[in-house]
Amino acid sequence: MSPIVVPFFPRSPATEGYRGVRTNLKFMFKKEGRDRKCGAILVTSAGPAEGKSTTLVNLAFAFAQAGDKTLLVGANMRRPSMYRTFGLNRANGLSEILTGEIAWREAVKDNRDLALGERMEENLATAPGSENLFFITCGGRTIHPSEWLSQPLFEAVVREWEEEFDVVLIDGTPLLPVSDSVIMSAAIRRVALVYKVESALKEPTLRAIELLKNAGVKIYGLILNDVQASWSATPDYYHYRGYYGVPDKR
């Protein structure tokens with residue numbers, strides 16, 4: 001089953017949830033004085049299998065459907081999945097940018113690449129919002145990603161992406177197993193943390209939050225994933241649960 005739900009199931013509870021996360025993130029960006037261009041944000045989790053990549057691709061469609069020119073960056077070079085989700089060729093991506101082989105504009109893919117990709121039969125190229133979606137895949141080289149990501153070049157291209165696109169969503173590695181996302185977070189400056197409520201332990205997530213705080217990174221919110229109806233006695237909570245994915249900070 002495809003992890004992409006927003007363009008194909010517009011009235012599903014999951015889609016409403018992703019739209020709610022988008023709305024909350026836009027409010028957070030607006031607090032920074034960014035009325036139109038939202039900037040870059042790293043989407044990650046404490047550990048693997050918490051649904052961050054699924055969250056990321058659906059959130060990208062939610063922004064794109066709202067008219068935002070959206071760049072989706074596959075920065076998980078250890079276990080990449082974004083390029084597979086969209087049926088794109090992973091080569092000529094982020095790793096080639098950071099090794100100086102290509103300029104970042106040469107690496108950008110769009111819905112024309114979706115139309116010619118491995119999942120062309122699924123109509124991703126004509127899905128609502130796809131005209132506003134742009135991609136930079138992980139690239140073909142995957143050796144020493146933490147060294148590449150710690151270069152000043154990475155922060156420089158993030159700033160250029162923020163000037164070119166309305167929102168930049170960056171798929172990072174889980175925070176605790178490797179250092180890549182902590183390194184990236186210092187350059188990106190904003191993080192949304194995905195937490196799988198029903199199966200993930202709280203302690204690793206608390207350690208991940210502490211890591212980010214120590215790095216001086218702004219945590220935009222905790223996106224609750226896999227929330228079950230049992231959390232509430234009323235079925236309406238299940239239907240609207242996604243609207244509260246990013247908690248208000250008081």
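Colleague: Is R112 buried or exposed?
Modeller: The model is predicted, and accessibility here is computed from it. A residue counts as exposed over 50% relative accessible area. R112 has 61% relative accessibility, so R112 is exposed.

Colleague: Which residue forms a salt bridge with R112, and is that residue buried or exposed?
Modeller: The closest N and O atoms of R112 and its partner D110 are 2.6 Å apart, and a salt bridge needs such atoms within 4 Å. The partner has 11% relative accessibility, and because buried means under 20%, the answer is D110, buried.

Colleague: Why can such side chains pair?
Modeller: Pairing is possible when the charged atoms of two side chains come close. The condition on the side chains is opposite charge.

Colleague: Which parts of the chain does the salt bridge between D180 and R78 tie together, and how many residues apart are they in sequence?
Modeller: D180 and R78 form a salt bridge in which the closest N and O atoms are 2.8 Å apart. D180 belongs to helix α9 (residues 180–188), whereas R78 sits in the loop between β2 (70–74) and α3 (82–86), so the pair ties together parts that lie 102 residues apart in sequence.

Colleague: What are the relative accessible areas of R78 and D180?
Modeller: R78 is partly exposed, at 40%. D180 is buried, and its relative accessible area is 0%.

Colleague: Where do R19 and E16 lie?
Modeller: R19 and E16 form a salt bridge, with 3.5 Å between the closest N and O atoms. E16 is buried at 18% relative accessibility. The two residues are three apart, about one turn of the helix, and both lie in helix α1 (residues 13–31).

Colleague: Which residues are linked with E155 in a network of salt bridges, and how many salt bridges are found in the whole structure?
Modeller: The network links E155 with R159, E162, R189 and R190. A search of the whole structure gives a total of twelve salt bridges.

Colleague: Is strand β5 enclosed or open?
Modeller: Strand β5 covers residues 190–196, seven in number. Six of these are buried, so the rest of the structure leaves β5 largely enclosed.

Colleague: Which strands pair with β5, and over how many bridges?
Modeller: Strand β1 (residues 39–45) is parallel to β5 and pairs with it over four bridges; there, T44 has L193 of β5 as its bridge partner. Strand β6 (residues 218–225) also runs parallel to β5, and K196 is bridged to N225 of β6. The partners are therefore β1, over four bridges, and β6, over seven.

Colleague: How many residues line the second largest pocket, and which lie nearest its centre?
Modeller: This pocket holds about 320 Å³ of space. Helix α2 (residues 52–65) gives the largest share of the lining, three residues. The lining has 17 residues, and those nearest the centre are P48, A49, N76, R79 and P174.

Colleague: Which class has eight residues in the lining of the second largest pocket?
Modeller: Five of the lining residues are nonpolar and four are charged. The class with eight is polar.

Colleague: How many disulfides does the search find?
Modeller: C38 is buried, at 3% relative accessible area, and C138 is buried at 3%. A disulfide requires two cysteine sulfur atoms within 2.5 Å. The search of the whole structure finds zero.

Key:
Residues numbered from 1 in each chain as written. Predicted model: local features only at pLDDT ≥ 70, side-chain atom pairs only at ≥ 80, totals over all residues. Heavy atoms only, no water. Salt bridge = Lys/Arg side-chain N within 4 Å of Asp/Glu carboxyl O. Buried < 20%, exposed > 50% of the residue type's maximum accessible area, 1.4 Å probe, protein only. 1 Å grid on protein atoms, 1.4 Å probe; cavity = no way out; pocket = protein on both sides within 12 Å on 5 of 7 lines; lining within 4 Å. Points joined across faces, edges and corners; volume = space filled by probe spheres on them. Nonpolar A, V, L, I, M, F, W, Y, C, P; charged D, E, K, R; others polar. Pairing = 2+ DSSP bridges.
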